[in-house]
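Biologist: I would like a close look at a single part of this model, taken slowly and with its surroundings in view.

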Amino acid sequence: MDISSSPARRRLVTGGLAALALTGTLTLGGCGNGGAAPSPPAGQAAGSAQSATLAAATGSARITVTGTGTVTGTPNQLVLDMGVQVNGSSVGSALASADDAVSRVTAALRARGVAASDIQTSGLSIWPNYPSGSQVPSGYGASESLTATLNSLSSAGAQIDAAVHAGGNATTVSGISLNLTDDSSLLAAARTRAVADAEAKAAQYAKAVGEPLGAVVSITDQAPAQPVPQFALSGAAAAGKSVPISPGTQQLSVSITAVFTV
């Protein structure tokens, strides 16, 4: 009797081949981690490869742009840098004259409403004066400087004028700066404009490459730049009248770096 042709033998061989085929399918499916992946059916090959590429691109592509927002505000504070400079026959006399002059300047500012906490000594210098060709000093010079913060621009001109007259011919004014002390609302508006600017730029780039603009990944804020106008003022030019103060305007700019997905 031929065993290979018996029903029992045929069932055994058929079951073994089915098990072998099943084992081969599982092994090929596991090759994705360490070996070559099996080739998909012909009808699926192109579509599957394209989907994988698009998914990878969608998950990793980024657009990085810089956005800038600018707003304009009116300064509300003036910082005055001024002082006195005198000469004397000795160090002591020069210093005493400087002390007296700067005390008059300080008193005039205080009388015009400037708080004591807004007046700060900022410098003191004493030096010998030598005649031409001599190594022996003929006298000494002394200077004292201070910084006054004037918080009312409507009163600042009169305060400067009073200080200059109090110091007399010894007065020196090295400059002023106009500041925006409360810029929180202006900066908030500038940041909003910077974000909108960055988003508009990113949308343009995304459209150029034929992709929809995705979500924001990150925003990096840079320190805002605050230009400060300054000008010099001499005591002689200011004498006799209240110094005119024109605050003008100042621009606040905020720049950000934004990253978007596509």
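How are H3 and H4 oriented to each other, roughly parallel or roughly antiparallel?

Modeller: In this predicted model, H3 and H4 pack at an angle of about 155°, with their axes 8 Å apart; because angles over 145 degrees count as roughly antiparallel, the two helices are roughly antiparallel to each other. Their crossing is right-handed. On the H3 side the contact is made by Ala-101, Arg-104, Val-105, Ala-108 and Leu-109, which meet Gln-159, Ala-162, Ala-163, Ala-166 and Gly-167 of H4. Sorted by class, this contact of H3 with H4 comprises 7 nonpolar, 2 polar and 1 charged residues.

Leu-109 deserves a separate word, since its contacts include Gln-159 and Ala-163 as well as Val-114, Ile-119, Leu-146 and Ala-148, when residues up to four places away in sequence are not counted. Leu-109 is also, with Leu-78, Leu-80 and Leu-146, among the residues with the most contacts inside the largest nonpolar core, which has 27 residues. Two or more residues of this core come from each of strand S2 (77-88), helix H3 (91-111), strand S4 (139-150), helix H4 (153-167) and strand S5 (171-179), and H3 gives the most, with 6 residues. A second core, separate from this one and made of 17 residues, includes Ile-63, Leu-180, Ala-194 and Phe-260. As a general background, nonpolar side chains tend to be buried together in soluble globular proteins.

Conventions
Residues are numbered from 1 along each chain as its sequence is written. This is a predicted model: local features need pLDDT of at least 70, side-chain atom pairs count only at pLDDT 80 or more; totals for chains, interfaces and linings use all residues. Side-chain values use heavy atoms; hydrogens and water are left out. A nonpolar core is a set of buried Ala, Val, Leu, Ile, Met, Phe, Trp, Tyr and Cys residues joined through side-chain atoms within 4.5 Å. Buried means under 20% relative accessible area, exposed over 50%, partly exposed in between (1.4 Å probe, protein chains only). Helices (H or I, at least four residues) and strands (E, at least two) are DSSP runs, numbered from the N terminus. Contact means heavy atoms within 4.5 Å. Axes are lines fitted to C-alpha atoms, for helices over the stretch in contact, and angles run from 0 to 180 degrees between N-to-C directions. Angles under 35 degrees count as roughly parallel, over 145 as roughly antiparallel, 65 to 115 as roughly perpendicular and the rest as oblique. A crossing is left-handed if the near helix is turned anticlockwise from the far one by less than a right angle, and right-handed if clockwise. Ala, Val, Leu, Ile, Met, Phe, Trp, Tyr, Cys and Pro count as nonpolar, Asp, Glu, Lys and Arg as charged, and the others, Gly among them, as polar.
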